[in-house]
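Trainee: I'd like a close look at one part of this model, please. Take me through the packing slowly, and then show me the places around it that deserve a second glance.

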Amino acid sequence: MEGEFNSMSELYKLAPSFVPQPHGWGKFKLASPVTHYFLCEFIDMQNHLPDPVSFCARLADIHLKSVSPTGQFGFVVPNCHGKILQTNEWDSDWASFFTKLLVNFLQIEIETNGPWHEYEQAFGTIVTTVIPQLLGPLQADGRVLKPSLVHGDLWQENAAINLATGDPVVFDASAFYAHNEYELGTWRRKTIKFGRPYFNQYLLNIPPSEPAEQWDDRIRLYSLKFNLAHMIGWPGAPFVREEYVLCLNFHTPQQLTRQECSTI
């Protein structure tokens with residue numbers, strides 16, 4: 001709860017009309033088992049998809065205006081993606097930070113669903129080959145990559161419409177300072193309703209990082225973390241791991257086509 005309180009607080013500082021105001025968190029004294037709470041402003045909401053134009057403009061504004069307190073990638077306190085404690089210690093190198101985050105989720109997924117050699121071997125290729133190819137160039141050849149505050153779990157169940165104002169509102173954040181494009185990784189999953197109009201509107205506010213030609217491959221790479229979170233949250237989901245082996249068993253990003261891997 002401390003992690004969610006701090007996540008929502010950081011977002012609220014930048015976008016008070018986009019995020020419910022956090023009020024506090026703590027632990028009930030007499031509850032058994034141990035029970036924590038998080039209190040925030042009540043907003044009467046409608047669970048409809050927000051307008052892409054307004055939604056993406058507000059999201060991009062957070063990404064642009066936010067400033068990491070250390071100048072690095074990470075967050076001020078440990079926090080969770082759903083029920084999963086995620087690695088978020090400060091790191092100046094984005095490829096290094098994302099590698100640790102992805103391996104963190106992979107290890108928990110294997111503990112949840114059991115070992116599978118081919119699956120783990122395919123992920124080894126991601127870590128040793130694909131991440132350096134796709135994320136290394138973001139901070140190479142004099143490029144500077146800004147750590148941006150991201151919501152961290154931005155899908156249709158964590159966004160709604162404020163009935164009093166008609167404005168979009170987001171909640172249930174697992175925030176940290178990241179490459180801004182990481183935020184879009186979850187939108188590539190099959191079940192996510194933030195489709196092409198949201199990608200298009202976001203890119204009107206913030207164009208792809210350089211190298212721009214690797215933008216789509218980077219989004220697919222980032223989506224792996226969110227798919228791992230799904231497999232941890234819903235153990236034994238049919239065919240998900242099988243699809244992953246098909247999609248991960250490659251040696252260069254160009255070999256992973258959208259047709260072959262629609263979940264990414």
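Mentor: Happily! Helix 2 and helix 5 cross in a right-handed way; a crossing is called right-handed if the near helix is turned clockwise from the far one by less than a right angle, and left-handed if anticlockwise. The helices here (H or I, at least four residues) and strands (E, at least two) are DSSP runs, numbered from the N terminus. Before going further, please keep in mind that this is a predicted model, in which local features need pLDDT of at least 70, side-chain atom pairs count only at pLDDT 80 or more, and totals for chains, interfaces and linings use all residues. Residues are numbered from 1 along each chain as its sequence is written, and side-chain values use heavy atoms, leaving out hydrogens and water.

Two packed helices are described by the angle between their axes and the distance between the axes. For helix 2 (residues 52-65) and helix 5 (residues 196-205), the axes come within 8 Å and cross at roughly 45°. Axes are lines fitted to C-alpha atoms, for helices over the stretch in contact, with angles from 0 to 180 degrees between N-to-C directions. That crossing makes helix 2 and helix 5 oblique to each other; angles under 35 degrees count as roughly parallel, over 145 as roughly antiparallel, 65 to 115 as roughly perpendicular and the rest as oblique.

Which residues do the touching? From helix 2 come Pro52, Val53, Phe55, Cys56, Ala57, Leu59, Ala60, His63 and Leu64, and they meet Pro197, Tyr198, Gln201, Tyr202 and Asn205 in helix 5, where contact means heavy atoms within 4.5 Å. Sorted by class, this contact has eleven nonpolar, three polar and no charged residues. Ala, Val, Leu, Ile, Met, Phe, Trp, Tyr, Cys and Pro count as nonpolar, Asp, Glu, Lys and Arg as charged, and the others, Gly among them, as polar.

Now move along to helix 4. The axes of helix 3 (residues 94-113) and helix 4 (residues 117-135) come within 10 Å and cross at roughly 165°, and helix 3 and helix 4 are therefore roughly antiparallel. Their crossing is right-handed. Helix 3 supplies Trp94, Ala95, Phe98, Thr99, Leu102, Val103, Leu106, Glu109 and Ile110, while helix 4 supplies Tyr119, Glu120, Phe123, Ile126, Val127, Ile131 and Leu135. The contact of helix 3 with helix 4 divides into 13 nonpolar residues, one polar and two charged.

Helix 4 also packs against helix 6: their axes come within 11 Å and cross at roughly 145°, and this crossing is left-handed. Tyr119, Phe123, Ile126, Val130, Ile131, Leu134 and Leu135 of helix 4 make the contact with Asp217, Arg218, Leu221, Tyr222, Leu224, Leu228 and Met231 of helix 6. Here the classes come to twelve nonpolar, no polar and two charged.

Helix 6 (residues 215-233) itself has 19 residues and spans 28 Å from its first C-alpha to its last, close to the 27 Å expected; the expected span is 1.5 Å times one less than the number of residues. Of those 19 residues 17 are buried, so helix 6 is largely enclosed by the rest of the structure. Buried means under 20% relative accessible area, exposed over 50%, partly exposed in between (1.4 Å probe, protein chains only).

The loop between helix 5 and helix 6 is worth a stop. Pro211 is found there, and the peptide bond from Glu210 to Pro211 is cis, with omega near 0°. Gln214 sits in that loop as well and is buried, at 16% relative accessible area. Apart from neighbours within four places in sequence, Gln214 contacts Gln133, Leu134 and Pro137.

Follow the chain past helix 4, in the loop before strand 6 (148-150), and you reach Asp141. Its phi is near 55°, a positive value in a residue other than glycine, and Asp141 is exposed at 73% relative accessibility. Phi of Asp172 is likewise near 55°. Asp172 lies in the loop between strand 8 (168-170) and strand 9 (176-178) and is partly exposed, at 35%.

One last stop is Pro78, in the loop between helix 2 and strand 4 (79-81). Pro78 is exposed, with a relative accessible area of 56%. Setting aside residues up to four places away in sequence, Pro78 touches Gly3, Leu85 and Asn88.
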